[in-house]
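Me: Please examine one strand of this model closely. I would like a connected account of its surroundings and of how the chain reaches and leaves it.

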Amino acid sequence: MVNTKVTLSGLTLDNPVIPASGTFGFGYEFADIYDINILGSISCKGTTKEPRFGNPTPRIAECTNGLINSVGLQNPGINKIISEELPKLSQYYKKPVIANISGFSVEEYAYSCEKIDKCEQVGIIEVNISCPNVHNGGMSFGTSAKSAFEVTKAVKAVTTKPVYMKLSPNVTDIKEIAKACEEAGADGISLINTLLGMRIDLKTRKPVIANKMGGFSGPAIFPVALRMVYQVYDTVNIPIIGMGGVSSARDVIEMMLAGATAVQVGAANLVDPFACKKIIEELPVVMQHLEIENLQDLIGGSH
Amino acid sequence: MKQGIYSVVSNIKIAKDVYKMILSGDTSAITAPGQFVNIKLDGFYLRRPISICDYDETNITIIYKVVGQGTELMSKLDPYQKLDLLVGLGNGFDISTSGDKPLLIGGGVGVPPLYNLCKQLLAKGAVPNVILGFNTSYEIFAAKSFEKLGVKVFVTTVDGSSGIKGFVTDALPLVGDYSYFYTCGPLPMFKAVYNATATSGQFSFEERMGCGFGACMGCTYKTKDGNKRICKDGPVLVKEEIVW
């Protein structure tokens, strides 16, 4: 009998598989087709202080082994998420969830995190300082060690739950940013968010996406994500949630060997709504095949 | 929504760049005309959303236009090849509001979802009239299939090479009274139909989608009733909620 349990900042997950923010909504679409309680946890749709429509459409472009999105943090705002979305999700999902918070100023991050911290069903707060879609927004916080430090510090000052900083890969040195978050008191690091990318339509000769550029995700970015998880594991002493193109149980195991304690699945949910379920079912089989007894023992095993 | 493996029964060209494919498999997830399927294709990451033209207990018929590499690949699929589909996506048309004499208005590749709608309207005792608009005569398809259902069909072509010369709205005066309308087609046609019609109606929208089942917020449309996902809360929106 293999053991798929992992412990993340004191929170024991039945398995390390977590759907990534923005690819799972608040879970209802998936609750219709399978029992989402099999998931290790759920990283909820990115939340901001005010409601947001997001970017103009088209927001989606296809790529080889991936896609670009520029949804732009469409969400009903922190108040509605606390009063409507989380209670609705609690009817379907009985385990602690990961709240995902974005903001456009240090104060906004602190405001939303302080509010979400009081929600019982939230186990971890994931702070997105990396969304590449919003002009003058999250991007700038995640691209400088100084501002990443400031956001972390401000959020930690008003919260009691574990805070994971979600990093942008669009930086010169990911290690420096991760280190700054750790020094400011972060309990963990989530990485990577999407890579900034674009596509041009050959017929119209214009960018496919209305916002011109967007975040590139999918299997194509897996090696980049893996490399960054590996580098950050060498740099910090706090747990890592690894993500970026994870599409199979083998990817989960590889991500854990690089240094991840838990793993998020993003783009795969959009092309196969059963992706997380399949990965969770596949995991014990692959573990047996690879003679892995305890998944937890794998973390950072390649270093 | 259901995911399943479907087998190509036939896949034939019916007009310039337009193909009709019949797929066999589980159709139990389809609950209304105007819903769509999302098709996984080898070598492409995202699925292709295509409206359902017709369906019965065992088969789904889709009519699609080759507009890019994905639909190009689809056009080359042979019978017996297998496809991974998500089926029963979107809200579809609501036939309960049709009244006795609904009008169906289709433009180009927006025509297909109106076919099963027409059958269901007839089955409930309504008498639909149909306007189908195309650019030119060799792009015309489906007109005969509608006629075979026993409904009156008005065909328009922009260049006048067949039927009434002009746009679908140019056929409106010939139709006479109608109780309600249903439409699917390109955005400029939608705006013309919106302004030219006297009754309420339903519009089936098209948008670039990520997932096709409401998870990614890639296809959001702003309406008078708030943000709607074209894939999940749509593709059908009612006239009164649309903001141009």
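Reply:
**Strand β8 of chain B and its neighbours**

In this predicted model, β8(B) pairs with strand β9 (residues 152–157) of chain B in the parallel sense, over six bridges. Within this pairing, Asn129(B) is placed opposite Lys152(B) of β9(B). The connection between the two strands involves helix α3 (residues 143–148) of chain B: β8(B), this helix and β9(B) form a β-α-β unit that is right-handed.

Strand β7 (residues 102–107) of chain B is likewise a partner of β8(B); these two strands run parallel and are joined by five bridges. Here Leu104(B) faces Val130(B) of β8(B). The chain passes from β7(B) to β8(B) by way of helix α2 (residues 113–123) of chain B, in a right-handed β-α-β crossover.

As to its environment, β8(B), which spans residues 129–134, is mostly covered, with six of its six residues buried. A residue is classed as buried here if 20 or more other C-beta atoms lie within 10 Å of its own. Asn129(B), Ile131(B) and Gly133(B) point to one side of the strand, while Val130(B), Leu132(B) and Phe134(B) point the other way; all are buried. The two residues named in the pairings therefore belong to opposite sets: Asn129(B), which stands opposite Lys152(B), points one way, and Val130(B), which stands opposite Leu104(B), points the other, by the burial criterion both being buried.

Terms used. Residues numbered from 1 in each chain as written. Chains lettered and ligands numbered in written order. Predicted model: local features only at pLDDT ≥ 70, side-chain atom pairs only at ≥ 80, totals over all residues. Buried ≥ 20, exposed ≤ 12 C-beta atoms within 10 Å, placed from the backbone. Helix = DSSP H or I, 4+ residues; strand = E, 2+ residues; numbered from the N terminus. Pairing = 2+ DSSP bridges. Right-handed = clockwise from strand over helix to strand, strands pointing away.
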